[in-house]
Amino acid sequence: MATTVHSMSTNSTTTTLIDGKAPLRQSAVATSSQCVTLPSLPPPPLQQQNRAWKATGYCRKLARNVAAMATGEASPEVASTDLPELIKPIQEAWDKVEDKYAVSSLAVAGVVLLWGSTGMISAIDRLPLIPGVLELVGIGYTGWFAYKNLVFKPDREALIEKIKCTYKDIIGGSS
């Protein structure tokens, strides 16, 4: 490891490096034969300075544009469309809801449940043997369901009737 020693003459300051030794006093530096003088570092390259100036100029220009847009008049196209057509039906449905606190709580609980279930599924997926076994179970159940409900015509008609009854119970209307 190298250490540096500063020696000062009448007009200049020089930095010297002494190999593997503690810093020596000024008189010892002059008599030592192991001293090496290092040149001073050059100034930083102009590219970094130019890049900083360009970034600052760009930010100033961007700030000017934002300020001009904020103080300017809105165009007639922007003023005529307050909300997109997708948001209006959602807002109307939200206005019809009587218990907004319960609906908001259910929405938050649904998001938390979805987040937790994705974490659980990813944890199960990382287990070595479980994903393959679950895939086989899914393929087996799909085959069993298709054979029981879709292969023969009376079974298909019963399944369609059951789906219609379930739909009617959920929606509440006749279809």
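1. Burial. Of the 175 residues in the protein chain, 5% are buried. The model is a predicted one, and this burial figure is computed over the whole chain. The accessible surface of the protein chain comes to about 15800 Å². Carbon and sulfur atoms account for 65% of that surface.

2. Confidence. The mean pLDDT of the protein chain is 75. A value of 70 or more is reached by 57% of the residues. Residues 9-13 stay under 50 in pLDDT throughout. For this stretch the model has 3 contacts beyond four places in sequence.

3. Secondary structure and order. The protein chain has 7 helices and 3 strands. Along the sequence they follow the pattern β-β-α-β-α-α-α-α-α-α. The pattern thus opens with two strands, and a run of six helices follows the last strand.

4. Contacts along the sequence. Take the contacts in the protein chain between residues at least 6 apart in sequence: 2% of them join residues at least 24 apart.

5. Annotated segments. The unreviewed UniProt entry carries the annotation "transmembrane region" for residues 101-123 and for residues 129-147. In the model, residues 101-123 are 100% helix and 0% strand, with the end C-alpha atoms 33 Å apart. Residues 129-147 are 95% helix and 0% strand, and here the end C-alpha atoms are 28 Å apart. The annotation itself comes from the record; the helix content is computed from the model, both for residues 101-123 and for residues 129-147.

6. Nonpolar surface patch. Which residues form the nonpolar patch on the surface? They are Met120, Ile124, Leu127, Ile130 and Leu134, and together they have about 430 Å² of accessible area. Helix 5 (100-125) supplies at least two residues of the patch, and helix 6 (130-149) likewise supplies at least two. Leu134 is one of the patch residues and is placed in helix 6.

7. Asn149. This residue also lies in helix 6. Is Asn149 buried or exposed? Asn149 counts as buried because its relative accessible area is 15%, and the cut-off for buried is under 20%. Apart from neighbours within four places in sequence, Asn149 is in contact with Asp155, Arg156 and Leu159.

Terms used: Residues numbered from 1 in each chain as written. Predicted model: local features only at pLDDT ≥ 70, side-chain atom pairs only at ≥ 80, totals over all residues. Heavy atoms only, no water. UniProt positions renumbered as here; feature names shortened; annotations may be inferred. Helix = DSSP H or I, 4+ residues; strand = E, 2+ residues; numbered from the N terminus. Buried < 20%, exposed > 50% of the residue type's maximum accessible area, 1.4 Å probe, protein only. Contact = heavy atoms within 4.5 Å. Areas by Shrake-Rupley, 256 points an atom, 1.4 Å probe, with all protein chains shown as cover. Patch = residues over 30% accessible without salt bridge, like charges linked within 9 Å, V, L, I, M, F, W, Y side chains within 5 Å. Salt bridge = Lys/Arg side-chain N within 4 Å of Asp/Glu carboxyl O. pLDDT = per-residue confidence, 0-100.
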